[in-house]
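Subject: Structure for you to look at

Hi,

Here is the structure I promised to send over. Have a look at it first, and then read on for what turned up.

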Amino acid sequence: MMKKFPLLILSLLAIILFFPISNLIGLQGKNELIPAGLNSSDSFRKVSQIMQNKCVDCHAPGMLRKPFYADFPIAKQLMEKDMQQASARLSLSKELFSGETAFTPLQLARLEYVVSNDSMPPTEYLLMHWTDSLTDDERKTILTWIAEQRAKSPWSQDATAEFKGEPVQPLPLTVELDMGKVSLGNKLFHDRLLSGDNTLNCASCHDLTRGGTDQAKVATGIRGQQGPINSPTVYNAMYNIAQFWDGRAKDLQEQAAGPVANPIEMGAKWDEVVEKLKQVPDYQQAFAELYPEQGLNKTTVTDAIAVFEQSLLTGNSRFDQYLRGNTAILSNDEIQGYQLFKTNCASCHFGPALGGLSYEKMGVKQDYFKQRGGELTEADNGRFNVTKQEQDRHFFKVPVLRNIELSFPYFHDGSVDNLAEAVRVMGNVQLDKAFTKDEIANMVAFLQTLTGEYKGKPLTQLTTEDIQ
């Protein structure tokens, strides 16, 4: 019996090693390399080849170089699960590899995160593919190319050359809009005639003197009714891929129509709102001039509000000035906070508004809702409420972080009113990291540099008179 035991161990070891060795000696096969387009840069050609060699198995399942054991029981299920999860996070295609389709800012952010943190390919994959880890030169090649791609984006045009490749870009100081519609939309945004009993306006939940929010856990609607969810900021909302936490409105105009007719928000009927507005001579004149073919109706009212909301950019924050070349404006703690933020947070919070460009799960690594406590609500379902797809449960549109020090309380449920605590919670549930007190303090210091200006005045100093 004792003699058989070593033989059994050796046999098991041989079986275990056979699979990765089979990949090593080429039994897995190779994909036919997709050439980059003639106009592609040298750096892209290199990156495309790296990804085709080392990312294609999980992130481009339609191009899979299947190993001989791909249909074996257990192996097949494990591979299918890996491919499903990986392609949901970053889906690669022949068009991307050839350069026919450009990588999106979201794809660049996610790619940069895993390369910078050396978390891809994952350990489980490398156990079966010993030679597929990224080399230092390959990581450098990919990160350099990502910076080059960002530098070409219109978002980066105002950044100094040193910072054009950053995951965060400065907000523009001006935006080209019809100022007549901006003025009209501003008036409508603050007009209580849009509510059922003439007591509320859009600014009731999106107060421009309070960071574009009501600074309350949940919104308060008509007749004091409490809403189910925290009011997101209206500042810089033009950068959102969709509106509301669950993304149920495709754009600002569709979003503007929703709360007016919601029975627990503004509690009005659009036909009645339009009739009330038509009784105001100034509105009759403005709509006749700005919308001569359509006049005053639900479509033109929501369009004017949407145009006004596009004007709600809060540029010239201290961080914007830093990106434009004033590197002395930030302290060492704030710069260290930004570096920590880039390493840990910028795969979701990127772009000019530092967010709003993807849907992410609340509680990637830890169960946020279990830690929060309390009963789950319909609002906690997030994106699931729109798509009815189970994989979207607890997914929410990533909030923008501009002016974050003013838009408390935080998260979709308004459960945290302290910015340092919000950073701690996100580190825990999203990254499974316990940031130190100094790390949290530095990231909070950085986040406070994102508070910008509106109409040339810092948001922290805005008064009601400034926004009319």
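A quick word on terms before the pocket: Ala, Val, Leu, Ile, Met, Phe, Trp, Tyr, Cys and Pro count here as nonpolar, Asp, Glu, Lys and Arg as charged, and the remaining residue types, Gly among them, as polar. Please also keep in mind that this is a predicted model.

First, the overall picture. The chain has 468 residues, and 48% of them count as buried. Its secondary structure comes to 20 helices and four strands. Taking the contacts in the chain with a separation of 6 or more, 68% are between residues 24 or more positions apart.

Now to the second largest pocket, which holds about 770 Å³ of space. It is lined by 42 residues, and those closest to its centre are Ile229, Phe244, Arg248, Pro259 and Glu265. By the classes above, the lining splits into 21 nonpolar, 15 polar and six charged residues. Which elements supply at least two residues each to this lining? They are helix H10 (252-261), helix H17 (384-387) and strand S2 (395-397). H10 gives the most, with five residues.

Helix H19 is worth a look too. It runs over residues 437-448, and its twelve residues should span 16 Å at 1.5 Å a residue; the end C-alpha atoms are 16 Å apart, so the two agree. The buried residues of H19 are Ile440, Asn442, Met443, Val444, Ala445, Phe446 and Leu447. What do these buried residues pack against? Their partners are three helices: H14 (318-323), H15 (332-344) and H18 (419-431).

Last, the cysteines. How many disulfides does a search of the whole structure find? The search gives zero. Cysteine 345 is in no disulfide, and the nearest cysteine sulfur to its own belongs to cysteine 348, 8.5 Å away. Seen from the other side, the sulfur of cysteine 348 has cysteine 345 as its closest partner at that 8.5 Å, which is too far for a bond, because the two sulfur atoms of a disulfide must lie within 2.5 Å. Are these two cysteines buried or exposed? Cysteine 345 counts as buried because its relative accessibility is 17%, and cysteine 348 is buried as well, with a relative accessible area of 15%; the cut-off for buried is under 20%.

That is what I have for you. Happy browsing, and do write back with any thoughts.

Best wishes

Conventions. Residues are numbered from 1 along each chain as its sequence is written. This is a predicted model: local features need pLDDT of at least 70, side-chain atom pairs count only at pLDDT 80 or more; totals for chains, interfaces and linings use all residues. Side-chain values use heavy atoms; hydrogens and water are left out. On a 1 Å grid over the protein atoms alone, a cavity is a set of points where a 1.4 Å probe fits but cannot get out, and a pocket is an open set with protein on both sides within 12 Å along at least five of seven lines; lining residues have an atom within 4 Å of a point. Grid points are joined across faces, edges and corners, and a volume is the space filled by probe spheres set on the points. The expected span of a helix is 1.5 Å times one less than its number of residues. Buried means under 20% relative accessible area, exposed over 50%, partly exposed in between (1.4 Å probe, protein chains only). Contact means heavy atoms within 4.5 Å.
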